[in-house]
Amino acid sequence: MSFQVQSETLRTHATVWDGHAEDAATAGTTIEPGVGKGADFGYLAGLYGVADHYDTWTTAMATALDDAERCFRYIAAALVSTANHYDDTDATVATDMATLDAMI
Amino acid sequence: MSTIDTFEQLQAQVEEDMGDFVDQLNEEIRRIAGFLSDAASGLSGFFDAILPGDTVERAIERWNNEIHPWILETAAEVQENVWDAVGDLAGRPMSLIDYAADFSSVKATIYREGDLAQKLVIFNHDWQGYAAENYKAVATTEDAALRDLSLAMDAGATLTSNVANQILTLWRKLARELASWIGDLIGCFKVATEADAIISFEIPAAFELAKAIWNNIVDIADLLVEFLVEQATTAATSWQQLASGARGLPQNKWPMVEEANSDVMNDPGNWEPKPA
């Protein structure tokens with residue numbers, strides 16, 4: 001029995017998550033110049049913790065984007081692996097579960 | 001005055017203003033001292049004719065013992081206070097504006113409303129079962145996090161550009177006020193060098209006015225109070241909310257795919273294609 005139509009749906013979703021992973025990676029690069037640059041607010045604006053809060057937030061956002069990219073790569077791989085399993089052709093091979101597990 | 005966009009431009013502008021101030025002040029001091037010297041040596045015959053002889057002596061004594069030392073002391077104090085204030089204003093607002101633009105750029109591209117929901121309709125038509133349910137829960141969580149991160153980027157961009165613009169506004173205001181005060185101050189000295197003002201002891205009146213203007217510069221910290229209050233209240237509170245994750249991405253942590261969910265999704269046996 002062929003499940004090619006259904007597996008295409010998984011591949012479509014995998015493409016979406018791969019796209020999100022690329023977006024997250026690009027976003028991380030985009031905000032990188034401003035991460036931890038609270039000192040650019042100057043001494044006066046740094047009073048009352050504005051600069052520290054900025055540093056805390058930008059660092060957290062950079063980490064979040066890294067984590068997001070990792071999650072999205074995993075989801076895409078898991079969906080492609082399942083699609084490969086159901087296609088069951090020589091050209092497609094399901095990814096080993098341990099390999100998928102290591103991605104997340 | 002050219003537009004001030006960087007701290008270096010602010011420093012250069014203040015340095016230029018203070019340099020002009022010192023030059024003009026020295027010129028006025030020379031004029032007053034020269035005038036008093038002329039009066040004392042009898043070169044100003046006009047005054048000798050209309051004023052008692054000891055008036056010039058008293059004017060010179062007061063100039064030497066009170067006015068001239070006060071001018072020098074206060075001029076040094078003004079310069080010290082101005083540079084202290086300028087030092088407190090160091091920062092890179094144009095860089096902040098660039099960072100804000102970066103945050104806005106990410107906000108605009110990282111999330112597309114409704115994208116996942118539409119694709120899940122097709123997914124629901126084709127897949128069912130334990131893994132499918134786990135995937136939908138994970139996908140929905142991740143998609144919501146993208147939306148939250150997008151909102152955080154928007155808030156961060158707004159707060160960052162707001163502070164940057166406040167800094168620029170403050171710099172330009174400081175430079176403008178300083179130039180205005182210095183102009184007024186030198187104007188007082190010009191009045192003080194008028195011959196009859198010195199000899200008739202109207203100098204103190206002119207210097208009282210100069211003192212008031214100088215106090216504006218000495219109290220330059222007042223100019224910064226409004227900015228500080230803004231930082232202490234609205235801006236700091238908003239930044240605190242963003243930094244703590246109370247706004248935008250909850251706790252500022254990305255929701256990782258939980259192991260229990262991934263274990264189910266990793267096993268092809270948990271995926272059930274719907275029959276055609």
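Start by colouring chain A by pLDDT: the average is 90, and 92% of the residues score at least 70. This is a predicted model, so that colouring is a sensible first stop. Within chain A, look for the low point at helix 2, with a mean of 79, and the high point at helix 3, with a mean of 95.

**Stop 1: where the chains touch**

Keep chain A selected and bring in chain B. The contact set pairs 46 residues of chain A with 52 residues of chain B. On the chain A side, the elements giving two or more residues are helix 1 (4-31), helix 2 (42-46), helix 3 (50-87) and helix 4 (97-102). Which helix of chain A gives the most to this side? Select helix 3 of chain A, which supplies 17 residues. Now colour the chain A side by residue class: you should get 28 nonpolar, 13 polar and five charged residues.

**Stop 2: chain B as a whole**

Switch to a cartoon of chain B. You'll find 10 helices and two strands. Walking from the N terminus, the order is α-α-α-α-α-β-α-α-α-α-α-β. Of the 276 residues in chain B, 34% count as buried. If you draw a contact map for chain B and keep pairs at least 6 apart in sequence, 85% of those contacts join residues at least 24 apart.

**Stop 3: the largest nonpolar core**

Show both chains again, since this core draws on A and B residues. It has 88 residues, and the members touching the most others are A:V50, A:I75, B:V163 and B:W171. For the largest share of this core, select helix 6 (residues 130-192) of chain B, which contributes 25 residues. There is also a second, separate core of six residues; pick out B:F35, B:L36, B:V56 and B:A59, which are among them.

Next, centre the view on B:V163. What is B:V163 in contact with, once neighbours within four places in sequence are left aside? From chain A there are A:F41, A:A45 and A:V50, and from chain B there are B:L96 and B:A235.

**Stop 4: helix 4 of chain B**

B:L96 leads you to the next selection, helix 4 (residues 93-110) of chain B. This helix has 18 residues and reaches 25 Å from its first C-alpha to its last, close to the 26 Å expected at 1.5 Å a residue. Put the buried residues in sticks: B:P93, B:L96, B:Y99, B:A100, B:D102, B:F103, B:V106, B:K107 and B:I110. Then turn the view to look down the axis of helix 4 of chain B: the buried residues fall within an arc of 165°, so they line one face of the helix.

**Stop 5: two positive phi values**

Jump to the loop between helix 9 (221-244) and helix 10 (259-266) of chain B, where you'll find B:Q251. Its phi is near 55°, a positive value in a residue other than glycine. B:N252 is in the loop between helix 9 and helix 10 too, and B:N252 has a positive phi of about 60° although it is not a glycine. Buried or exposed: which is B:Q251, and which is B:N252? B:Q251 counts as exposed because it has 12 C-beta neighbours inside 10 Å. B:N252 counts as buried because it has 22 such neighbours.

**Last stop: the start of chain B**

Finish at B:T3, in the segment before helix 1 (7-40) of chain B. With 7 C-beta neighbours inside 10 Å, B:T3 counts as exposed. Draw a distance from B:T3 to B:V78, 75 residues apart along the chain: the C-alpha atoms are separated by 24 Å.

Technical notes: Residues are numbered from 1 along each chain as its sequence is written. Chains are lettered from A and ligands numbered from 1 in the order in which they are written. This is a predicted model: local features need pLDDT of at least 70, side-chain atom pairs count only at pLDDT 80 or more; totals for chains, interfaces and linings use all residues. A nonpolar core is a set of buried Ala, Val, Leu, Ile, Met, Phe, Trp, Tyr and Cys residues joined through C-beta atoms within 7 Å. A residue is buried if 20 or more other C-beta atoms lie within 10 Å of its own, exposed if 12 or fewer, and partly exposed in between; C-beta atoms are placed from the backbone. Helices (H or I, at least four residues) and strands (E, at least two) are DSSP runs, numbered from the N terminus. Two residues are in contact if their C-beta atoms, placed from the backbone, lie within 7 Å. The expected span of a helix is 1.5 Å times one less than its number of residues. The arc is that of the directions from the helix axis to the C-beta atoms. Ala, Val, Leu, Ile, Met, Phe, Trp, Tyr, Cys and Pro count as nonpolar, Asp, Glu, Lys and Arg as charged, and the others, Gly among them, as polar. pLDDT is the predictor's confidence in each residue, from 0 to 100.
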